[in-house]
Amino acid sequence: MEGDKTVAVSSFVIFPDGGWNNLPAPFQRLFEELGKKHLVYIVSAEPVSSQASVAVQTLSLEQVKTFDWEEAAAVVLHPCWIQAAMAADPKQLIAMPDSPQQGEPALWTKCRKWLCAHADLIITDAEPYYLEQAFCMEHVFLLDGRDEVTDLLARQAFGWMLSGFSPKPLVRLQQRCLAEWHSKQLSGDPKRTSGDKLSLYFFHAVYRYLVYDLERAREAVLAAFELAVLEGKADALSTYYRFLSAIELKQGLTRQAVQTYSFSAVTEEERRTVDFLDEWLNDGKDGLAGALLYRLNDDFKQSMERLELLNADPMAQRLSIECCIQTGRLNEALRRTANKQLRQGDDEQQYLLLRGTAALLAGHRHEAIHRFLEAAEHRIEALGNIAEIAALDSAVQELFRGSGLESSHD
Amino acid sequence: MDDGRIWRRKKSGNKLTAIMQVRNEQGRYLEAVLAELSRFVDEIVIVDDASTDGTCELCSSFSKVVRLVRLESSLFRTEWQLRKRLWDEAVVTSPDWILSVDADEIYEQRAALSIRELINQDQYDWVGYRIYDFWGSLTHYREDEWWTLHKRHTMTLIRYLPGFHYYYPQWEHHVPRLPVTAAALPGVCTEFRIKHLGWAGSEADRRAKYERYKQLDPFGKWGSLAHYESILDPKPRLVRWHEEAME
């Protein structure tokens, strides 16, 4: 986890979201297909109905702890399983969580972020979440039943992973397929509403950006921006136009990209950021400006890649730590903050919280509680993290009983 | 970006350029409009859409007209191209702010006097005004179901951001006077007023405009047919215009 790991496994254990019957159809098909070559387990209090075409054995929560994970992958469908799954230290961690729901508890959102950040493979059935993750992590796939080839590549990625092969080559292939799918949609039905067109243009731009087809990305994002303005969208500038700066950055046009971002900078904070970027460009720190600009476009992956090249720069180190925290890479953030000199003021509390969370995910509850208590000496709000441990425990019990969690819980 | 820095908004010394497309405006309001504009803008850029009268000569007689392009054939049937041509011609003169003015529009005095204050700041990039459609005279404007332009703000003044994506929708008629994408930038709406005199003339003038709209857009593809028909309303609701109180 947090790195390329290509070890074959002979079985996989599903940590479900509401039992076997509640699995999304494409996921169920995938598990049945792979169940022909691998042993399949599910963590559930209820036996799996005979409707499953392969033998699926159930595991209790206790059995999860004693299970031989040396040759097994954990397949996690609900973010609240994270602690149970990670503490088991499986050979592979495969995240297939539902996309974030409006009004869901903040704990779920955090857990989903940690889960995806530590997963060897992420498969999702929601396109916006897929794109969000594609900007953070390496092995991300969409499996939403939109067309045969796209789905096949996602299923293949899962299979390759279990067989010990990195699915990396399939990532770009699927992104190309998705870019083409959007091209076809846009040149197809002329009766399509402009609202549909807006998201098609924008997603098309994002896929073209991901596969480095940058001129087409530029065309598509400008078309999306024009439509957004004509539709009176309040975020025309901050969502659609701003993404042009990421495209220009990938084209190597750093100064132009900063200029484009500056046009989209409306709030005081955004305008102060432009001052920084301009100053860095003037000081010849184009790499740093580019790294921050990628992050401002939510492309943490590109941002981190740039920052890796500038690791000697203290500001780059700081930005790297922030990127790690924002994307949920706790262990990486901890490694980078281990140097006490890099921590100032509130950083110390954040460091303790990070250590606590990392300990919790590794199954070291006592250490986690100890760190959270230490953090609470700096700010009392840190005690909330201890309450979250209990919330997570009860969520796991509910998930185990096979009842899906209500997203309105808090 | 000449000093190695990115382009930034200027808080002072902004050049204000008026842009205008004209066609056969001789004997109407153009001379008065240019005279008024010359008092408060720095430069004027005009595209003459193949006038056949003395419009072009009239324009060139004003010293602030720094660029005057005369089209050989009219682009009025593809209005977006005409708008875009005017925009492109203005951009080559390196404006800081662009004021789009029709040949029959007059900015009231306080609007003209406050314009420097409005442009010499770095917070917003466009300004909205209220445009009043004068009807049959210079004393009344029209206000009824179809004639409510003054009830909302119209963006007529925008900052020129070099490198920004300016876009006109490719419509044949009723194309916005300035690139629509400018409206995505932060702007400010003022209560300053603009007198639109295009309907202030005789009934025959209005009928001629009506005939022209119906000819250009017989099926109401670019505008509302009911709006066109309302031009001929024999009893429009008119409201007396009150001149501003100057301090």
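**Exercise 1. Domains of chain A**

Task: In this predicted model, state which domains are assigned to chain A and describe the side of domain 1 of chain A that touches domain 2 of chain A.

Solution.
1. The assignment divides chain A into domain 1, residues 11-169, and domain 2, residues 189-342.
2. Taken over C-alpha atoms, the centres of these two domains of chain A are separated by 30 Å.
3. Domain 1 of chain A contributes 9 residues to the contact, and domain 2 of chain A contributes 11 residues.
4. On the domain 1 side, α4 (106-118) and α5 (127-134) of chain A each supply at least two residues. The largest share, 4 residues, belongs to α4(A).
5. By character, this side of domain 1 of chain A consists of 7 nonpolar, no polar and 2 charged residues.

**Exercise 2. Two helices of chain A**

Task: Determine which residues of helix α15 of chain A are buried, and where they lie around the helix axis.

Solution.
1. Helix α15 of chain A spans residues 300-308, and its buried residues are Phe300(A), Ser303(A), Met304(A), Arg306(A) and Leu307(A).
2. Viewed down the axis of α15(A), these residues fall within an arc of 160 degrees, so they line one face of the helix.
3. The other side of α15(A) carries the exposed residues Glu305(A) and Glu308(A).
4. The packing partners of the buried residues of α15(A) are α14 (286-296) and α16 (314-327) of chain A.
5. In the loop between α14 and α15 of chain A lies Asp298(A). This residue has a positive phi of about 65 degrees although it is not a glycine. Asp298(A) counts as partly exposed because it has 17 C-beta neighbours inside 10 Å, and a buried residue would need 20 or more.

Task: State what span helix α9 of chain A reaches from its first C-alpha to its last.

Solution.
1. Helix α9 of chain A, residues 214-230, has 17 residues.
2. Its first and last C-alpha atoms lie 24 Å apart, close to the 24 Å expected at 1.5 Å a residue.
3. The buried residues of α9(A) include Ala217(A), Val221(A), Leu222(A), Phe225(A), Glu226(A) and Val229(A).
4. Just after α9(A), Gly232(A) adopts a positive phi of about 70 degrees.

**Exercise 3. Chain B and its contact with chain A**

Task: State how many residues of chain B are in contact with chain A, and how the residues on the chain B side divide by character.

Solution.
1. The contact joins 16 residues of chain B with 18 residues of chain A.
2. The chain B side divides into 11 nonpolar, 4 polar and 1 charged.

Task: Describe the region of chain B that UniProt annotates as a domain.

Solution.
1. An unreviewed UniProt entry places the feature "domain: Glycosyltransferase 2-like" at residues 18-156 of chain B.
2. Over these residues chain B is 29% helix and 27% strand, and the end C-alpha atoms are 10 Å apart.
3. Asn24(B) lies in the loop between β1 (16-22) and α1 (30-40) of chain B. Its phi is positive, about 45 degrees, although it is not a glycine. With 17 C-beta neighbours inside 10 Å, Asn24(B) counts as partly exposed.

**Exercise 4. The surroundings of Ile194(B)**

Task: Decide whether Ile194(B) is buried or exposed, and name residues that it touches.

Solution.
1. Ile194(B) is placed in strand β9 (residues 187-196) of chain B.
2. Because it has 20 C-beta neighbours inside 10 Å, Ile194(B) counts as buried.
3. Not counting residues up to four places away in sequence, Ile194(B) touches several residues, including Ile106(B), Tyr107(B), Tyr129(B) and Ile131(B).
4. Glu108(B) is 86 residues away from Ile194(B) in sequence, yet 6.0 Å away in space, C-alpha to C-alpha.

Definitions and conventions
Residues numbered from 1 in each chain as written. Chains lettered and ligands numbered in written order. Predicted model: local features only at pLDDT ≥ 70, side-chain atom pairs only at ≥ 80, totals over all residues. Buried ≥ 20, exposed ≤ 12 C-beta atoms within 10 Å, placed from the backbone. Arc of directions from axis to C-beta. Contact = placed C-beta atoms within 7 Å. Domains from an automatic or database assignment. Nonpolar A, V, L, I, M, F, W, Y, C, P; charged D, E, K, R; others polar. UniProt positions renumbered as here; feature names shortened; annotations may be inferred. Expected span 1.5 Å × (residues − 1).
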